[in-house]
Amino acid sequence: MLIALLAESAAHVSEHLPDDAPPPFPPFETWHMPSQLFWLAILFSILYLTLSRVILPKLSDTLEKRSDRIASDIDQAARLNDQALEAQQALELRLAQARNKARETSEKARQKMDVEMAAETARVDAEIEKKLDTADARIAGLRADAMKNVEQIAVDTADVILGRFGVSASKSELKKAVSAALE
Amino acid sequence: MNLLNPSVAVDPIHQFQITRWIEFHPGGIDLSFTNASGFMALGVILTIAFFGIAASKGSLVPSRLQSMAEIGYGFVADMVRGTAGEEGLKFFPFVFTLFFFIFFANMIGMVPYAFTTTSHIIVTAALALLVMTIVIGYGFYKNGLKFLGLFAPSLGDMHIVGKICLYSLLIPIEVISFFARPLTLSLRLFANMLAGHIMLKLFAGFAVIGMAVGGIGYLVTPLSFIMAVALNALELLVAGLQAYVFAILTCVYLSDALHPSH
């Protein structure tokens, strides 16, 4: 029914077609073919010449320039990177050198200080030793003196005590007796 | 063009009608500038304008337009390189021209009331014959008689009797397939554009008629309208695709001219 309706309306419309209706299928008409070929040849040639002579070389130039530029930029970046690496290595080398030097200097200073300290200690030790020796000698002297006095006192005391007992002894005997007792 | 004329509104063939815009009859031959020529010229002008403007600056960091043109350039260059190899690049300007000539013609055809130049067999046939002329001409120019080896693919090691038997089958097939090429090349593009535009027009016409008829026609109109919209999308795809198919087949045929022994 739908198709019938459509056909009817189409028929209705086709009534309005002019009497000199065009032949049914334009692509197979022949009258326009020479003109189509003629204008196709002209227009296609124009397009081909314009594109191949003017526009495509320009486009390819641009693309080439860009790829060149990118390649050279990449080269330069690589070169700069190498330089940076070199600089970094040099820096590290110098840092290591500086560190070594610092270690050496401090080591030297420490050794010098050690030597000085040893010398000073030895000197002071020797001084102390000397002072101790003198002191020892003095103590020994004093002690000998004291002992001598003790002996004298003992002799004197013994003499006095013997005198009380009414015994007299010679000084030499007394001395002998005292020293025997002291030993 | 009377847009209100009902015959224009529903007749699916009317859009292929050729009318003379400027009469031109040198030597009695009708070379008038027609609507077909006009829209063809429009396509050429648009192509030149688009690529001309896009390429004019040639800046290292491309604008959007320049980027589009460069993508088109790369697309066709890759197509030629991929099918015909590095030597095929000497035909790059030709393939580029062919592709964008057809592409713009097809795309202009998608605009309502515009004329589709590629919907005429004479145009597509001329382009196909141009391609085949270049293939045959360059094939013989570069390879001499070795170009005929295209029709006799090498069979490798085989007994002479087997070779004769196979060649008696193969050669006719190869010859026929070779000479069918311009026919298929031109018919494919022509038929696609023609059929697509007829379909579009039919469904769009149904939508109009449905409204005019009323009743059940109110059901026809939305359906036809949806179909017309969907077909429009499909036809846009076909318009691009057919230009691509034409160009890539040209590359394949040119590749035969460059390397006739498969």
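Thr34(B) sits in strand β2 of chain B, which covers residues 33-34; strands here are DSSP runs of E of at least two residues and helices runs of H or I of at least four, numbered from the N terminus. The structure is a predicted model, in which local features need pLDDT of at least 70 and side-chain atom pairs count only at pLDDT 80 or more, while totals for chains, interfaces and linings use all residues. Residues are numbered from 1 along each chain as its sequence is written, and chains are lettered from A and ligands numbered from 1 in the order in which they are written.

Is Thr34(B) buried or exposed? Thr34(B) is buried because 23 other C-beta atoms lie within 10 Å, where the cut-off for buried is 20 or more other C-beta atoms within 10 Å of a residue's own, with exposed meaning 12 or fewer, partly exposed in between, and C-beta atoms placed from the backbone. Leaving aside neighbours within four places in sequence, Thr34(B) is in contact with His32(A) and Ser35(A) of chain A, and with Ile18(B), Thr19(B), Arg20(B) and Trp21(B) of chain B; contact means that the C-beta atoms, placed from the backbone, lie within 7 Å.

These contacts with chain A lead to the interface, where 47 residues of chain B are in contact with 42 residues of chain A. On the side of chain B that touches chain A, two or more residues come from each of α1 (6-10), β2, α2, α3, α4, α5, α6 and α7 of chain B, and α2(B) gives the most, with ten residues. That side of chain B divides into 33 nonpolar, twelve polar and two charged residues, counting Ala, Val, Leu, Ile, Met, Phe, Trp, Tyr, Cys and Pro as nonpolar, Asp, Glu, Lys and Arg as charged, and the others, Gly among them, as polar.

The largest nonpolar core has 53 residues, and those with the most contacts inside it are Val76(B), Val95(B), Phe99(B), Ile102(B) and Ala247(B); such a core is a set of buried Ala, Val, Leu, Ile, Met, Phe, Trp, Tyr and Cys residues joined through C-beta atoms within 7 Å. At least two residues of this core are supplied by each of α2 (33-165) of chain A and α2 (35-57), α3 (64-84), α4 (92-109), α5 (121-143), α6 (160-213) and α7 (217-258) of chain B, with the largest share, eleven residues, coming from α4(B). Phe99(B), for its part, is in contact with Val76(B), Ala243(B) and Ala247(B), leaving aside neighbours within four places in sequence. Apart from this core lies another, of seven residues, among them Phe203(B), Phe206(B), Ala207(B) and Leu231(B).

In an unreviewed UniProt entry, residues 37-56 of chain A are listed as "transmembrane region", an annotation that may be inferred rather than shown by experiment, given in the numbering used here with its feature name shortened. In the model this span is 100% helix and 0% strand, and its end C-alpha atoms lie 26 Å apart. Among the spans with that annotation in chain B, also from an unreviewed entry, is 233-255, which is 100% helix and 0% strand with end C-alpha atoms 33 Å apart.

Confidence remains to be considered, pLDDT being the predictor's confidence in each residue, from 0 to 100. Chain A averages a pLDDT of 85, and 87% of the residues score at least 70; among its elements, helix α1 (residues 2-14) has the lowest mean pLDDT (48) and α2(A) the highest (92). Where pLDDT is low, the predicted coordinates should not be read in detail.

Key:
Two residues are in contact if their C-beta atoms, placed from the backbone, lie within 7 Å.
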